[in-house]
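This report examines a protein structure through its annotated residues, its sheets and two of its helices. The sequence and the structure are shown first.

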Amino acid sequence: MNALAATNRNFRHAARILGLDSKLEKSLLIPFREIKVECTVPKDDGTLVSYVGFRVQHDNARGPMKGGIRYHPEVDPDEVNALAQLMTWKTAVADIPYGGAKGGIGCTPRELSMSELERLTRVFTQKIHDLIGVHTDVPAPDMGTNAQTMAWILDEYSKFHGYSPAIVTGKPIDLGGSLGREAATGRGVVFATEALLADYGKSIKDLTFVIQGFGNVGSWAARLIHERGGKIIAVNDITGAIENPNGIDIPALIKHKEETGGLNNFQGADAMDPNELLVHECDVLIPCALGGVLNRENASSVKAKFIIEAANHPTDPEADEILSKKGVIILPDIYANSGGVTVSYFEWVQNIQGFMWDEEKVNNELQRYMTRAFHNIKAMCHSHNCNLRMGAFTLGVNRVARATLLRGWEA
């Protein structure tokens, strides 16, 4: 099932549990605005090439819309739509004053030079600058984009509107980016894991972990779990998979990956079949890479007791049902990976105030937000007798619905 169908299904289930009015339910599903623009740029050899850029602004009942911009060949309106909707519920679960948005350009970034990427980003910004804004829609980096992309958007936007550091988050520190932002999603995953385990009377230091995906999120989560005494027994990325039943030395692995570009030939672990990783014996499984990796083919073989969804939509609805029947506890993506957008919110606040925080304050605030959100989700689980995924969805959808009604949506 694709991300849009799965998100809609979860939303409709939450709407039924909450007893939402059918007209309000329909209104909450339909995006506020969908933007599609043509971006024609000269390549370095002088030829012209055209790309299509999208921005879906889903909902602004609770505040400015927020969401990443991805550069990827498979960016399409459906996917962008699903991710924009998911951001609406995610920001509401985290209880930060934002709505949801998402954008992207259908291109292959690694086939473009730095100057071509800059021209493409600037043209895209020129096309949408009057539809985004500090109090309207605040973009951030996503797949295929980074702090440098945000710096170009900030510069291009400022030519039209004056210096506006709060127009994007995930910026370089030198241009008003927040300390702690790089580690924020991975750190949020660990705070979420701690909150969940505490609920079951367990702690990170007594458990074994398997981490699927060793990019930004996976490597930060691994590093922080290792520091807390958790034993990480298997890890993979696109270069391969490794295991060590006695625990992998994560700082050494990070150093090895920086030096070699991959996990292969790491001395402190043995190579393993990447297909076995998700069904490896462990206490906690953390998928940090692509969507749909847990599906009806492999769900019945999963041996983990807890699954922390650090990736977006890693568990298909069919797998969800199989795992729930097995008694596996799943901490949903809509909450588990919200650390990134939470620290993006802190960055926006710092930019608006013109007053920057130290890293300790950022991390302490993040822990407070993640822990509070978990307790709010648990409260919804108790009052509606549902699992954590529906607890999170009912929490998010209920907050957006209340804000929509209070603003007078029928007027």
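The sections below take up the annotated positions, then the two sheets, then the helices.

## Basis of the description

The structure is a predicted model. The functional labels discussed here come from an unreviewed UniProt entry, which lists positions for "binding site" and for "active site".

## Positions listed as binding site

UniProt gives Lys66, Lys90 and Ser344 under "binding site" in an unreviewed entry. These residues are spread over 279 residues of sequence, yet they cluster in space, with a largest C-alpha distance of 13.0 Å.

Lys66 belongs to strand 3, which covers residues 65-71. Its relative accessible area is 1%, so Lys66 is buried, the limit for that term being under 20%. Lys90 is part of helix 3, residues 77-94, and is likewise counted as buried, at 6% relative accessibility. Beyond its neighbours within four places in sequence, Lys90 is in contact with Asn312, Asp333, Ile334, Asn337, Ser338 and Val341.

## The position listed as active site

The annotation "active site", again from an unreviewed UniProt entry, covers Lys102. This residue is found in strand 4, residues 99-105. Because its relative accessibility is 6%, Lys102 counts as buried.

Setting aside residues up to four places away in sequence, Lys102 touches Phe54, Arg55, Val56, Gly68, Val80, Leu83, Ala84 and Asp142. Among these contacts, Phe54, Arg55 and Val56 fall in strand 2, residues 48-59, while Gly68 falls in strand 3, residues 65-71.

## The five-stranded sheet

Strands 3 and 4, which hold Lys66 and Lys102, are members of an open sheet of five strands in the order 1-2-4-3-5, with mixed pairing. At its edges stand strand 1 (33-42) and strand 5 (137-141); each has a single partner strand, so one side of each is left without a neighbour in the sheet. Neighbouring strands are turned against each other by 20° on average, direction ignored.

Strands of a sheet pair through backbone hydrogen bonds, in either a parallel or an antiparallel manner. Strand 2 and strand 4 pair in the antiparallel sense, over six bridges. Within strand 4, Ile105 stands opposite Gly53.

## The seven-stranded sheet

A further open sheet is formed by seven strands, with mixed pairing and the order 9-8-7-6-10-11-12. Its edge strands are strand 9 (270-272) and strand 12 (329-331), each of which pairs on one side only. The twist from one strand to the next averages 20°.

Strand 7 (residues 231-237) and strand 8 (residues 240-243) are antiparallel partners joined over four bridges. Asp237 has Gly240, in strand 8, as its bridge partner.

## Helices 6 and 7

Helix 7 (residues 216-227) lies across three strands of the seven-stranded sheet: strand 6 (208-212), strand 7 and strand 10 (284-287). Helix 7 runs at about 165° to strand 6.

Helix 6 (residues 184-199) has 16 residues. From its first C-alpha to its last it reaches 23 Å, close to the 22 Å expected at 1.5 Å a residue. Helix 6 is mostly covered, with 13 of its 16 residues buried. Just after helix 6, Gly201 takes a positive phi of about 70°.

Terms used. Residues numbered from 1 in each chain as written. Predicted model: local features only at pLDDT ≥ 70, side-chain atom pairs only at ≥ 80, totals over all residues. Heavy atoms only, no water. UniProt positions renumbered as here; feature names shortened; annotations may be inferred. Helix = DSSP H or I, 4+ residues; strand = E, 2+ residues; numbered from the N terminus. Buried < 20%, exposed > 50% of the residue type's maximum accessible area, 1.4 Å probe, protein only. Contact = heavy atoms within 4.5 Å. Expected span 1.5 Å × (residues − 1). Pairing = 2+ DSSP bridges. Axes fitted to C-alpha atoms, helices over the stretch in contact; angles between N-to-C directions.
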